[in-house]
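Thanks for coming, everyone. Let's put the model on the screen and walk through it together.

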Amino acid sequence: MGVQFSDSFRHDLAELMRWRRDVRRFRSDPVDTRVLDRCLQSFTLAPSVGLSQPWRLRRIASGPARDAARRNFTAANAAALGGYDGDKAATYAGLKLSGMDRAPEQIAVFCDEATAQGAGLGAGTLPEMRRYSVVCAIMQFWLVARAEGLGVGWVSILNAPALCRDWNMPETWELVAYLCVGWPEDDGTDPELEKAGWETRRSLPPLETI
């Protein structure tokens with residue numbers, strides 16, 4: 001018989017997933033290095049294609065590095081706004097889509113597409129599996145951070161190749177995520193986009209058989 005978990009553990013796990021939401025509004029309190037390190041260790045437990053562990057992490061802490069990210073976001077956000085009109089444009093303009101202004105910790109997560117680890121197993125036919133592996137590791141980090149009381153926000157409105165050039169990253173590294181990490185201003189399970197009227201979370205449709 002395999003590992004058995006209690007009903008209370010399963011309940012807490014479901015609660016953890018409900019509380020895992022994208023956070024854009026942070027307090028400026030610093031995050032204890034020991035807490036952050038505990039969260040980051042979750043990457044070592046994440047699944048990866050061929051055991052390649054292709055994630056590469058950088059803490060974005062210097063003024064120039066953060067300024068480059070903010071400029072990149074501002075330009076990308078303005079371009080994205082131009083793709084909407086009417087009520088949708090007005091709603092978009094009022095959304096807070098980044099926590100870069102206050103998040104005490106900001107972490108860039110890359111995928112090393114040229115990693116030799118794993119000897120290419122599983123990535124020869126589906127090379128995108130390396131990036132999927134990185135995403136799996138990010139979600140694992142996100143849940144562990146939430147269990148510590150931290151909030152995480154994934155900034156997706158970026159020109160990733162341009163930002164990699166600004167940071168002088170290796171050519172084989174692709175930016176997968178820019179994560180803002182810190183203590184949330186408030187706790188709640190409702191996604192901010194839902195509260196703002198952008199979209200509504202839907203239930204899972206019936207599982208079809210093919």
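Start with Phe-5. It sits in the segment before helix 1, which spans 7-19. One thing to keep in mind as we go: this is a predicted model.

Is Phe-5 buried, partly exposed or exposed? The relative accessibility of Phe-5 is 47%. Buried means under 20% and exposed means over 50%, so a value in between counts as partly exposed. Phe-5 is therefore partly exposed.

Phe-5 has company. Together with Val-3, Phe-9, Leu-13 and Met-17, Phe-5 forms a nonpolar patch on the surface. The accessible area of these residues together is about 490 Å².

Stay with the rings for a second. The structure holds 10 aromatic pairs. One of them joins Phe-5 and Phe-9. The two ring centres are 4.6 Å apart, and the angle between the planes is 20°. That pair counts as stacked. Phe-9 is partly exposed as well, at 38% relative accessibility.

Now go inside. The largest nonpolar core has 27 residues. Which of them touch the most other members? Met-100, Phe-110, Leu-158, Leu-163, Trp-167, Leu-175 and Tyr-178 do. Several elements feed this core. Helix 3 (63-81), strand 2 (105-112), helix 6 (160-166) and strand 4 (173-182) each supply at least two residues. Which element gives the most? Helix 3 does, with five residues.

Pick out Tyr-178 on the screen. Leaving aside residues up to four places away in sequence, Tyr-178 touches a long list. Among its contacts are Ile-60, Ala-69, Met-100, Gln-106 and Ile-107. The list also includes Gly-153, Trp-154, Val-155, Leu-158, Leu-163 and Trp-167.

There is another core, apart from that one. This other core has 23 residues, among them Val-31, Ala-46, Cys-111 and Ala-177.

Back to aromatics, with a group this time. Phe-110, Trp-167, Trp-173 and Tyr-178 form one aromatic cluster.

Let's look at Trp-173. Trp-173 lies in strand 4. Its relative accessible area is 12%, so Trp-173 is buried. What does Trp-173 touch, not counting residues up to four places away in sequence? The answer is Arg-56, Arg-58, Phe-110, Cys-111, Asp-112 and Cys-164. Take Cys-111 from that list. In sequence, Trp-173 and Cys-111 are 62 residues apart. In space, their C-alpha atoms are 5.4 Å apart.

Next, charges. How many salt bridges does the structure hold? There are 17. I'll pick a few.

First pick: Arg-24 with Asp-22. Their closest N and O atoms are 2.5 Å apart. Arg-24 is buried, with a relative accessible area of 11%.

Second pick: Glu-192 with Arg-25. These side chains meet in a salt bridge at 2.9 Å, N to O. Where are the partners along the chain? Glu-192 is in helix 7, residues 192-195. Arg-25 is in the loop between helix 1 and helix 2 (33-40). That puts them 167 residues apart, so this pair links distant parts of the chain. The burial of the partners can be read off too. Glu-192 counts as buried, at 18% relative accessibility. Arg-25 is partly exposed, with a relative accessible area of 35%.

Third pick: Glu-185 with Arg-102. The salt bridge between these side chains is 3.1 Å, N to O. Glu-185 lies in the loop between strand 4 and helix 7. Arg-102 lies in the loop between helix 4 (86-93) and strand 2. Why does this pair tie together separate parts? Because the parts holding Glu-185 and Arg-102 are 83 residues apart in sequence. Glu-185 is partly exposed at 43% relative accessibility. Arg-102 is partly exposed too, with a relative accessible area of 38%.

Some salt bridges share partners. Glu-113, Arg-130 and Arg-131 are joined into one network that way.

Last stop: Leu-51. Leu-51 is found in the loop between helix 2 and strand 1 (55-59). Is Leu-51 buried or exposed? Leu-51 counts as exposed, at 59% relative accessibility. Leu-51 still has contacts beyond its neighbours in sequence. Not counting residues up to four places away, Leu-51 touches Gln-117 and Gly-118. Along the chain, Leu-51 and Gln-117 are 66 residues apart. Their C-alpha atoms are separated by 7.3 Å.

That's the tour. Over to you for questions.

Technical notes
Residues are numbered from 1 along each chain as its sequence is written. This is a predicted model: local features need pLDDT of at least 70, side-chain atom pairs count only at pLDDT 80 or more; totals for chains, interfaces and linings use all residues. Side-chain values use heavy atoms; hydrogens and water are left out. Patches are made of residues with over 30% relative accessible area and no salt bridge: like charges are joined within 9 Å, nonpolar side chains (Val, Leu, Ile, Met, Phe, Trp, Tyr) within 5 Å. Accessible areas come from the Shrake-Rupley method with a 1.4 Å probe; for residues, only the protein chains shown count as cover. A salt bridge is a side-chain nitrogen of Lys or Arg within 4 Å of a carboxyl oxygen of Asp or Glu. Helices (H or I, at least four residues) and strands (E, at least two) are DSSP runs, numbered from the N terminus. Buried means under 20% relative accessible area, exposed over 50%, partly exposed in between (1.4 Å probe, protein chains only). A nonpolar core is a set of buried Ala, Val, Leu, Ile, Met, Phe, Trp, Tyr and Cys residues joined through side-chain atoms within 4.5 Å. Contact means heavy atoms within 4.5 Å. Rings of Phe, Tyr and Trp (its six-membered ring) pair if their centres lie within 6.5 Å; planes under 30 degrees apart count as stacked, over 60 as edge-to-face and the rest as tilted.
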